[in-house]
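Take a walk through this fold, beginning with its cysteines and ending with the helices that pack on its sheet. Keep the model open as you read.

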Amino acid sequence: MNMQSILTSIQHSLLKRMAICLLILLLGLTIVNFGKLHLFTPLTFTVYVLPFILFFSAMYICYRMALAKGRFWFVWCLLLLLCVGMTYRCVKYYYYDLVPLFFNGFTSDWKPEHRTELLSRISSGLLFFVVIAAADYFAWAHFYTYLLSKKVRAQLHSMSDVQLLSGHFMRRLYNIVRVQPKSVQSESLDFFQYVTDKIAKPTVLVPLKEEWHYSMLLVSYSTDRSFMVEGDELLDRGMWNRSVPTLSMMTWIENAIAYSPCDPVEPIVIRWIRTQHGMQLQIKNCISSADLQHGTGKGLQLVNRLYEQMNNHFIELEYALDDPKYFVIKLTFKS
């Protein structure tokens, strides 16, 4: 497994990232207590750090789940606040009531003046959690995004212009995305990685749902054109599971962008309609005469070849001119 695979695995694994943070926590606790380490045995040191590990793990999971902005993200926020609120009572019970039952002399009897010291230690622990969480959120995200973007730039630079999704188009799209906010850049790196991986396997078939998802990402990143997307709510589960050649829809969208004017009055229309033969995808764009001289049309030829190789009589592909002004792609999935 190469370094890129390891970093990607860490990026997408909650447990691996938490394990790294716990190692940093244990290293910090060891340094803080370095002058007293000779007083601990391996067992008593484990007993000492156990509440740090448990509370850190619980808060880290709550923090990451809340950050994911899932359906119940607010519940994780409340659980995180609950963990913070319970820290004092739980730690006091653990060190001054529970542990002395098994380890004589581990802590002295509780006295009111211990409260200030205990609160100070808890505050230091919570502050340490905030520092590690901030490093996990900002430093790690920046580091991972930098390395992945460096790899993506190298891949885009080596892309040919005679293939599905031309290298020229993808490099231009990347330049648009990289001036967007960091969150958009980070999300887009997975998109560019997906595209470069699929270009190496152009004959692969993918579910329509997957191809549509990445096509809509391509649309969202192409901020220099206006789009009108309609009718995808008409597709049922059976339609979403139909197979199409990978990157084919994105190649059509690239073609529409390349040959259409940068005019909000003339959006690129991506529309699903129900016909007597079945569901039909239409991609319609106004033809800009100024752009007709650019490009070779190789992308469309490659897509045609891929659909022909499918030899599927239930899928029909058609290119047409709607007046001399509009170019229309029609992909019909016959019932």
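**Cysteines, sheet and helices**

The structure holds 0 disulfides, a disulfide being a pair of cysteine sulfur atoms within 2.5 Å. This is a predicted model, in which local features need pLDDT of at least 70 and side-chain atom pairs count only at pLDDT 80 or more, while totals for chains, interfaces and linings use all residues. Residues are numbered from 1 along each chain as its sequence is written, and side-chain values use heavy atoms, with hydrogens and water left out.

Start at Cys 62. Its closest cysteine sulfur is that of Cys 83, 4.7 Å away, so the two are too far apart for a bond. Cys 62 has 5% relative accessibility and therefore counts as buried. Cys 83 is buried as well, at 15%. Here buried means under 20% relative accessible area, exposed means over 50%, and partly exposed lies in between (1.4 Å probe, protein chains only).

Now step back to the whole chain. It contains 11 helices and 7 strands. These are DSSP runs, numbered from the N terminus: helices are H or I with at least four residues, strands are E with at least two. Of the 335 residues, 39% count as buried. The accessible surface comes to about 19,200 Å², and 62% of it belongs to carbon and sulfur atoms. Accessible areas come from the Shrake-Rupley method with a 1.4 Å probe; for residues, only the protein chains shown count as cover. Among contacts with a separation of 6 or more, 71% join residues 24 or more positions apart. Contact means heavy atoms within 4.5 Å.

Next comes the sheet. Five strands make an open sheet with mixed pairing, in the order β2-β4-β5-β7-β6. At its edges are β2 (227–230) and β6 (315–322), each pairing on one side only. On average, neighbouring strands are turned by 15 degrees against each other, direction ignored. Axes are lines fitted to C-alpha atoms, for helices over the stretch in contact, and angles run from 0 to 180 degrees between N-to-C directions. Strands of a sheet pair through backbone hydrogen bonds, either parallel or antiparallel. Two strands count as paired if DSSP finds at least two bridges between them.

Follow the pairs across from β2. The strands β2 and β4 run parallel, joined by 4 bridges. Met 228 has Val 269 of β4 as its bridge partner. From β4 to β5 there are 6 bridges, and the sense is antiparallel. Arg 271 is bridged to Gln 282 in β5. These two strands, β4 and β5, form a hairpin with 3 residues between them. Then β5 (residues 278–286) pairs with β7 (residues 326–334), antiparallel, over 9 bridges. One of the bridge partnerships here links Cys 286 to Tyr 326 in β7.

Two helices pack on this sheet. Helix α8 (residues 208–221) touches β2, β4 (268–274), β5 and β7, and its direction makes about 155 degrees with that of β4. Helix α10 touches β2, β4, β5, β6 and β7, with its direction at about 25 degrees to that of β5.

Look at α8 first. Its 14 residues should span 20 Å at 1.5 Å a residue, and its end C-alpha atoms are 20 Å apart, which agrees. The expected span of a helix is 1.5 Å times one less than its number of residues. Buried residues in α8 include Trp 212, Tyr 214, Leu 218 and Tyr 221. Tyr 221 also meets another helix residue: leaving aside neighbours within four places in sequence, Ser 188 is in contact with Val 177 and Tyr 221. Ser 188 lies in helix α7 (residues 182–199). It is buried, with a relative accessible area of 1%.

How much of α10 is buried? The count is 11 of its 12 residues, so this helix is largely enclosed by the rest of the structure. Among the buried residues are Met 249, Trp 252, Glu 254 and Tyr 259. Helix α10 (residues 248–259) reaches 17 Å from its first C-alpha to its last, close to the 16 Å expected.

End with Leu 247. It sits in the loop between β3 (243–245) and α10. Its phi is near 70 degrees, a positive value in a residue other than glycine. Most residues other than glycine have a negative phi. Leu 247 is also buried, at 0% relative accessible area.
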